[in-house]
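Visitor: I'm new to this one. Could you walk me through it?

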Amino acid sequence: MQKEINSLCESVGPAPDRFRTIQIHPTKKCNLTCLHCYSSSAPGYHEVLNLVDLKNFLVYAFDHGFDNIAVSGGEPFLYKDLEQLLKFSKSVGYQNTLASNGMLLKSERAKRTLDFVDLIAISVDGPQPLHDKIRNQTGAYDKMCQGLEVLKNMDKPFGIIHTVTPESWNSLIWLGEFAFSNGAKLLQLHPLEMYGRAIDTLASEVIDEDLAHKIFILGHYLVSKYNGEMVVQLDMLHRDYLLAHPQIVSGFERSCGQSGKLADLLDTIVIEESGAILPVSYGFNPTYSIGNISNFTLSVFEDFEKTFIPDIKEIFNYTLSKIGENDTRDIVNWNELLISESYAAMTSHIPVYR
Amino acid sequence: MAKLEKGGVDKVDLRKISSSIVGLKNQGLVIDQVFIKGKPGFSRVHIYGRVDPEFLKKMVPGNTPLKRFEVFPFGIINPEGFNFKGTVESY
């Protein structure tokens, strides 16, 4: 029997022990059309989040235990209200993080905006030829490097996010050196997921079991190589490790999950460019939508908990049990499996409580 | 790297190596997390930090039945302190 020191899961307090994140997609507008983009962002989009609605929701969510925002997109720096958004969220008490392609950081407006950013992650797809190929634009690599120079000159903490593909995995050693030599605090390796534009453009680039092992081994080599100097975050888990520590991915497996509070159950909620609020991750089945920032009520979380949390708990548990049963697949992309299960649940094993 | 790249490590060995890594990780100090697409691993950056051995000696005496712990520096650039949490066996 175990007893935990401190309240490991306390969602509200002066010193956050685990961040509860609102991932915000304020626009799908982007200056690039990356081959692997999970949100299929592109220059042609014009829908943007209403800033007033967003501010109202951020105040509500902060009072309910969320304390970190991760602005993604599209390209966040194409959202005209980004500076105001980050200034506001900072004043509320949020930690501000961004994921960006790094190509639009040279303007004075961008530099002002960066003053309100705690950590910015820049997407890098590999050495220049591969980066430009995946980014679908010649010169993208050079402009990204210029963005890194801006961050370095501002002494702004930054990370590098890399989507690992069958074409890029053998550049991981290079990538570690690139990130470290540029002074990155974080190198995050996220496996390619077959979602969004990747379904059409990278259908043949599926990461098979052998390659997953190679990425896992190389990722941990980099963790060890840069230990104490740069965080290397690998968003892949070994099946044995996941089954031994299911609380890594599931709030339902943590003691705090008994509180029934949304922020104790879900590490992340997502606001799409339409204003829809989704649980868990971008791409999660919208049937389980929490609401919309344009018309949410002050009981939106409680209503969601009563209506959908039993379903979502089943989806988490079923995904874990499937991983446990499949002993031929050692390396697991948890989020991809969970999203897939959120759709499968509608047609198979899990009743929808409504 | 060359062996991995040229297929010099077969499927069985790949699985063995991965399993060995997991075995080591299970003895580690920081429990891993995974992050969703487009969400920077911010909390990992917060967790990251060197731990003063003297501090640990005081906090974790040799006979403490400590199973696992994590350390949380506050702030990225200039952490001034850290929180401590852990799991012990209860009797």
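Visitor: What share of the contacts in chain B with a separation of 6 or more comes from residues 24 or more positions apart?
Guide: Two residues are in contact if their C-beta atoms, placed from the backbone, lie within 7 Å. In chain B, 31% of the contacts with that separation join residues 24 or more positions apart. This is a predicted model, where local features need pLDDT (the predictor's confidence in each residue, 0 to 100) of at least 70, side-chain atom pairs need 80 or more, and totals for chains, interfaces and linings use all residues. Residues count from 1 along each chain as written, and chains are lettered from A and ligands numbered from 1 in written order.

Visitor: Which helices and strands does chain B have, and in what order?
Guide: DSSP runs define them: helices are H or I, at least four residues, strands E, at least two, numbered from the N terminus. Chain B has four helices and two strands, in the order α-α-α-α-β-β.

Visitor: At what angle do helix 1 and helix 2 of chain A pack?
Guide: Axes are lines fitted to C-alpha atoms, for helices over the stretch in contact, with angles from 0 to 180 degrees between N-to-C directions. Helix 1 (residues 51-63) and helix 2 (residues 82-92) of chain A pack at about 20 degrees, axes 10 Å apart. These two helices of chain A are therefore roughly parallel (an angle under 35 degrees). A:L58 and A:F62 are among the helix 1 residues that meet helix 2, whose side includes A:L85 and A:F88.

Visitor: What is the mean pLDDT of chain A?
Guide: It's 90, and 92% of chain A's residues reach 70 or more. Over residues 1-16 of chain A, though, pLDDT is below 50. Where pLDDT is low, the predicted coordinates shouldn't be read in detail.

Terms used:
Angles under 35 degrees count as roughly parallel, over 145 as roughly antiparallel, 65 to 115 as roughly perpendicular and the rest as oblique.
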